[in-house]
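Here are some short exercises to help you find your way around a new structure. Try each task by yourself, then read the worked solution under it.

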Amino acid sequence: MASLAEPRKRALRQELEALLGRGGVLSDPDELAVYESDGLTLFRALADFVVFPRSAEHVAAIVRLANREGLPFVARGAGTGLSGGCLPAEGGIVISLMRMNRVLEVDYDNQIAVVEPGLVNLHLSWAVGPRGYYYAPDPSSQQACTLGGNIANNSGGPHTLKYGVTVNHVLGLEVVLPDGEIVWLGGRTRESVGYDLAGVFVGSEGTFGIATRIVVRILKKPQAVRTVLAVFDEVAHASQAVSAIIGRGLVPAAVEMIDQLTIQAVEDAFGCGYPRDAAAALLVELDGLAAGMEVQAARIVAACREAGAREVRAARDEAERALLWKGRKSAFGAYGRVSPAYMVMDGVIPRTRLPYVLDRVNAIVAAHGLRVGNVFHAGDGNLHPNILYDPRRPGEEARVVAAGAEIMKLCAEVGGSISGEHGIGLEKADFMPFIFSAADLAFMERLKAAFNPTGRCNPGKMFPTRKTCGEAGAVAYRPHPIEEKGLAQRF
Amino acid sequence: MLLDKLRSIVGPANLLAGVDLSPYVVDGRTPEAAVFPGSLDETRAVVELAASAGVPIVPWGGGTAAAVGAPPSRPGLVLGLGRLGRLVEHEPGDLTATVQAGMTVAALQSALRARGQWLSLDPPDPGRATIGGVLAANASGPRRHLYGTARDLLIGVTVVTGDGAVVRGGGKVVKNVAGYDLPKLFVGSHGTLGVIVEATLKLRPVADVERLVAVRFDRVKDAGAAARAVMGSDLVPTALDLLDGEAARAMAEAGERGRPPGALLAVGFDGLAEQVDWQCGELGRVTGPLGGSRVVTLPGAAWDALGSAAPRAVDPPAAVVRLVVMPAQVADVMEQAAGAARARGLVAAVSAHAGVGVLTAALGTQGAPEPATVAAVLQEWRAMARAGGGHATLESAPLAVKAQVPAWDDPGAAGRIMKAIKAQLDPRGILNPGRFVAGI
C-alpha cells in the first residue's frame with residue numbers, strides 16, 4: 001500500500017490532533033520507526049500514523065476516521081509480541097493502547113478486576129497483591145507486556161499448566177468493533193447470553209476489534225509454594241521425567257525445561273545457580289495447600305530420580321526460588337551472551353513425544369549449520385527452540401527461517417500445533433495449512449467477516465497470503481534505527 | 001423422497017418416522033424424521049442432503065437439553081449422534097482424549113477412570129447426556145467451581161457445517177493459539193453453527209481422595225455469608241453449592257438426613273488424604289462462627305443428586321430457570337426467588353453453584369398454577385437476575401409460558417455480531433433455526 005500524499009496526511013494529522021491533543025499523534029518517519037516491528041524484528045512495516053487514545057470513545061473515533069478514509073488500522077500494546085501480529089503490514093494507523101493503563105475496579109467479593117488494555121500484566125498482580133490475590137497468566141514478558149496484548153494473543157506462561165491461559169481468566173470485554181461501534185462481549189458474570197464472543201475474541205490477534213476494557217478473574221494466592229530443581233545428564237531423561245510426573249497423577253503449577261546451552265548463557269549473564277555442566281534441568285513448581293505439600297514434593301523428587309536425574313533439590317527459601325525463576329524468565333535475554341541474534345520458535349506437541357521431537361529439533365538446526373537453545377514449558381508440551389545466528393553473515397537468516405519452517409512441520413506431523421502462545425501474526429500465516437485444511441481456513445475467514453467485513457482491522461495477519469505464497473519471511477534484515485544510534489542492542 | 005434418500009445413506013434401520021418419533025417431540029412439534037448416521041461421512045451426507053432440500057437439522061445427543069430454547073418454528077430432521085459413541089483415542093501421558101460426540105458422559109468417565117483419569121465436567125444425567133450435547137448446551141455441574149466448564153476443557157472439535165463441509169478447530173494439544181478458537185464458538189452454541197461430531201478434551205488425573213461434605217444452616221443468608229467466607233479463605237474446594245431449604249429436601253434420599261435445614265452448603269474437596277482432611281477441618285472453623293452445623297460427610301452418590309437438587313425437590317417442576325448473577329449476590333437472589341413464588345402461593349426450590357454465581361430455580365406445580373402465574377414468577381426471576389448483574393435462561397417451561405416469557409435473555413449490542421456470525425457460518429439457516437438467542 002502506497003503511503004499517503006502529503007496534503008492529505010497533514011489534514012489527517014490535524015484531525016487526529018484535534019481529537020487526541022498534539023502529544024497523541026506521531027507521523028514523522030523517525031518516530032514511526034520505533035513502531036515498525038514488535039519483538040520479532042525480522043519483519044518491519046511503517047505506519048502513516050501512530051496514535052495514543054485515552055478512552056474507548058477516542059478509539060472508536062479513530063476507527064471511524066480510518067474507515068472513512070479507507071485506511072487500515074492495528075492495535076498495539078507494549079510491542080513484545082513475537083509473531084509480527086501488531087505490525088502495520090499495509091500502512092495506515094497504529095493505535096497504541098499504552099496510555100489506557102488503569103486498573104478501573106477491583107471487586108474482591110466477586111474476585112474480578114476491570115482494567116484497561118494498556119495495563120502491564122505484572123502491574124495487575126501488584127495492584128491486587130496486598131489483599132492476597134494475583135492474576136494467574138504469567139508470560140515471560142509480564143514485566144512489559146500488556147493485558148490487551150495478552151487478549152490478542154491468548155498469552156500463556158509457565159503457570160498455565162495448572163491455571164490455564166488468558167482466555168480461561170477473561171469474563172468480558174468492552175471492544176471497539178472494526179466499524180467503530182462500542183459493544184460488550186461477555187461481561188462480569190461467569191456466563192453470558194448467547195455465543196461466547198469474549199472467548200472467541202481472545203486470541204483473534206487484533207482482527208476482530210480493539211478491546212478497551214477487560215474483566216478478568218483474580219485468584220487467591222496459594223497458601224504454599226514449593227520449587228524443585230532436577231538436574232539431568234541426558235536431555236532424554238529430563239523429557240521422560242516430564243511424562244513420569246504427569247503419569248503419577250501430579251499436576252504441578254509449572255514444569256519448565258532448560259537445556260545446556262541456555263543454562264550456560266543464563267549462568268554467564270545472571271548466575272542463578274543452575275549447574276553449567278548439566279545437559280538439561282527441570283524447574284518444577286508445586287503450589288496450593290500447605291497440607292500435603294511435602295508428600296507431593298516427595299513424589300516429584302521420586303519421579304525425577306527414577307527418570308535418571310543426577311540431582312534433585314528443593315529451593316531452600318524464597319530468595320533461591322526467585323533466583324531460579326529469574327534464570328528461567330531471563331533466558332531469552334541471556335542468549336545475548338552467546339549470540340548476536342536469535343529467533344524464538346513456538347510450537348506445541350503432545351507431551352509424550354518430547355524425547356523424539358527434541359532430538360529431531362536439534363538435528364534439524366544442526367543440519368542448517370546453526371545452534372539452538374531450548375527453554376520451554378515442558379509440562380504442556382510447548383516448545384521454544386531458540387535458533388542462534390548472526391544477521392551480518394550473508395544467508396544465515398534465510399537458514400534460520402528454513403529451519404524454523406521444518407520445526408513447525410515436525411510439530412504438525414506429531415499431532416501438535418504451530419503456536420502455543422506467540423500467535424500466527426505475519427510470521428506463521430503461511431504455515432497455517434500445515435495444520436488446517438482449506439475448509440477449516442475458509443470457515444475461519446467467514447468468522448472473521450462477521451466481525452471485520454472490510455478487513456481493515458489488522459489486515460494481512462493469520463491467513464496464508466494467496467498472492468505472495470511462500471514469500472512471507474523474506475523480509476531482509478536491516479539494523480533498527482535505534483540500534484544504529486547505539487541506543488539498543490538485540491538479544 | 002427425502003426420507004428414501006436418507007434411508008439410503010444411513011440404512012433403513014437408522015431412520016425413524018411416524019409414531020416412533022415421540023421421544024423427539026420438542027415443545028409439541030414432531031420432527032419429520034430422526035436419522036442416526038454411523039460415521040462422520042454419513043453425518044456429512046445427511047446434512048448436505050437436508051440443506052439442499054431446505055429442511056432444518058436438529059442435532060440430538062441424549063435429549064437432556066431438548067427443552068432449552070425457543071419453540072421450533074418449523075419441523076425439521078432430528079440428527080441423532082447416538083451411534084457415534086466411541087472413545088477414539090486416549091493417551092494418558094498426554095492427559096487428552098478424543099471422543100465421538102454421541103458417547104455418553106458416564107461411558108467416557110468409566111473408560112477414563114479405568115486408566116486413572118477423568119474429564120472434570122459433571123453435568124446432570126451423565127448416563128444420558130452425550131459429550132456433543134454437553135458441549136453444545138454448555139452443561140456443567142458442581143465441580144465447575146474449581147475445574148471450570150466446557151470452554152476450559154475442549155481443545156479440539158470436528159463439526160459438520162450447514163453446507164455439509166467438515167471443519168476442524170483447535171487441535172489435540174493442551175495449549176494452542178493457532179487460528180481462531182473455534183472450540184469456544186461451539187461451546188454453548190446449541191447446534192446452531194455446526195453439528196459436533198468429535199471432540200478432543202483435556203483430562204485430569206483422578207485424585208487419591210474425593211469427599212463431599214455438608215454444613216447445615218438455619219438461614220440462607222448465613223449460608224451465603226459462609227460461602228463467601230470460604231471463597232476468601234485458604235480452602236480450595238472443587239465444589240461450593242448452596243441449597244435453600246426446599247432444594248435441600250432432595251438431598252435427604254442422598255444421605256443428608258435429619259430435620260430439614262433452612263439451607264445447606266455442600267462443599268467438595270479432592271487431593272491427597274491429608275489435604276482433604278485438613279480442608280474439612282478448616283471448613284468447620286470457617287463456617288461454624290457463621291451459624292454452620294458440624295461438617296458431615298455425604299455419600300458419593302450425593303454428587304449426582306446435588307446437580308439436579310432443585311428440579312427434583314419439586315418434581316415435576318412447572319418450570320426451571322437458570323439464573324446467572326454475581327457470586328456475592330447468590331444468597332440474596334435465592335431468597336428473593338423463593339419469596340416471589342411464595343407471594344403467588346407457589347413453591348420454589350433453588351440451588352446454586354455459589355462460587356460462580358449460577359443458580360437453578362425450579363417452580364413447583366402444587367396448586368396447578370395457570371400459565372400466566374408461572375410466567376409472572378419467571379419474569380420476576382429474570383428481573384432479579386438482571387438486578388444482580390446477570391441474566392436468566394428458561395431451562396424448561398410449558399409452551400404456553402414460553403409464549404409469554406422469552407427462553408433467552410437479551411444479548412444486548414453483541415446480538416448484532418451473533419446474528420452476523422450465524423449468517424456467515426450457516427447462510428442457509430439450516431442448523432436448529434429459531435431456537436437460540438436473538439432469534440438465531
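**Exercise 1: overall build**

What radius of gyration would a compact globule with 491 residues have, and what does chain A have?

Solution. Keep in mind that this is a predicted model.
- Start with the rule: for 491 residues, a compact globule should come out near 23 Å.
- Now check chain A: its radius of gyration is 23 Å, so the two agree.
- For the outline, the C-alpha atoms of chain A fill a box of roughly 70 × 60 × 45 Å along the principal axes.
- As for burial, 56% of the 491 residues of chain A count as buried.
- Then look at contacts with a separation of 6 or more in chain A: 72% of them join residues 24 or more positions apart.
- To round off the tour, chain A has 16 helices and 20 strands.

**Exercise 2: a sheet in chain A**

Work out the strand order of the five-stranded open sheet in chain A, then find what packs on it.

Solution.
- The order is E5-E6-E10-E8-E9 (chain A), with antiparallel pairing.
- At the edges sit E5 (103-107) and E9 (182-186) of chain A, each pairing on one side only.
- From one strand to the next, the twist averages 15°.
- Helix H3 (residues 56-69) of chain A packs on the sheet and touches E8, E9 and E10 (210-217) of chain A, its direction making about 50° with that of E8(A).
- Zoom in on one pair: E8 (residues 170-176) of chain A and E9(A) are joined antiparallel by five bridges.
- Within that region, A:Glu174 has A:Trp184 in E9(A) as its bridge partner.
- Another helix, H4 (residues 121-128) of chain A, lies across E5 and E6 (112-115) of chain A, at about 45° to E5(A).

**Exercise 3: one residue up close**

Is A:Ala113 buried or exposed?

Solution.
- Locate it: A:Ala113 is in strand E6 of chain A.
- Count its surroundings: 23 other C-beta atoms lie within 10 Å of A:Ala113.
- The cut-off for buried is 20 or more, so A:Ala113 is buried.
- Beyond its neighbours within four places in sequence, A:Ala113 is in contact with residues including A:Val103, A:Leu124 and A:Val216.
- For a long jump in sequence, take A:Arg188: 75 residues separate it from A:Ala113, yet their C-alpha atoms are 9.1 Å apart.

**Exercise 4: a helix in each chain**

Check the span of helix H11 (residues 318-329) of chain A, then do likewise for helix H13 (residues 330-343) of chain B.

Solution.
- H11(A) has 12 residues, so at 1.5 Å a residue it should span 16 Å, and its end C-alpha atoms are indeed 16 Å apart.
- Its buried residues are A:Leu324, A:Gly327, A:Arg328 and A:Lys329.
- Among the elements covering the buried residues of H11(A) are strand E12 (224-232) and helix H9 (260-269) of chain A.
- H13(B), with 14 residues, reaches 20 Å, close to the 20 Å expected.
- The buried residues of H13(B) include B:Val330, B:Met334 and B:Ala341.
- After H13(B) comes B:Gly345, whose phi is positive, near 75°.

**Exercise 5: where the chains meet**

How many residues does each chain give to the contact?

Solution.
- The contact takes 70 residues from chain B and 70 residues from chain A.
- On the chain B side, H16(B) gives the most, with seven residues.
- By type, the chain B side divides into 36 nonpolar, 19 polar and 15 charged residues.

Note on methods: Residues numbered from 1 in each chain as written. Chains lettered and ligands numbered in written order. Predicted model: local features only at pLDDT ≥ 70, side-chain atom pairs only at ≥ 80, totals over all residues. Contact = placed C-beta atoms within 7 Å. Helix = DSSP H or I, 4+ residues; strand = E, 2+ residues; numbered from the N terminus. Nonpolar A, V, L, I, M, F, W, Y, C, P; charged D, E, K, R; others polar. Expected span 1.5 Å × (residues − 1). Buried ≥ 20, exposed ≤ 12 C-beta atoms within 10 Å, placed from the backbone. Rg over C-alpha atoms; globule rule 2.2 N^0.38 Å. Pairing = 2+ DSSP bridges. Axes fitted to C-alpha atoms, helices over the stretch in contact; angles between N-to-C directions.
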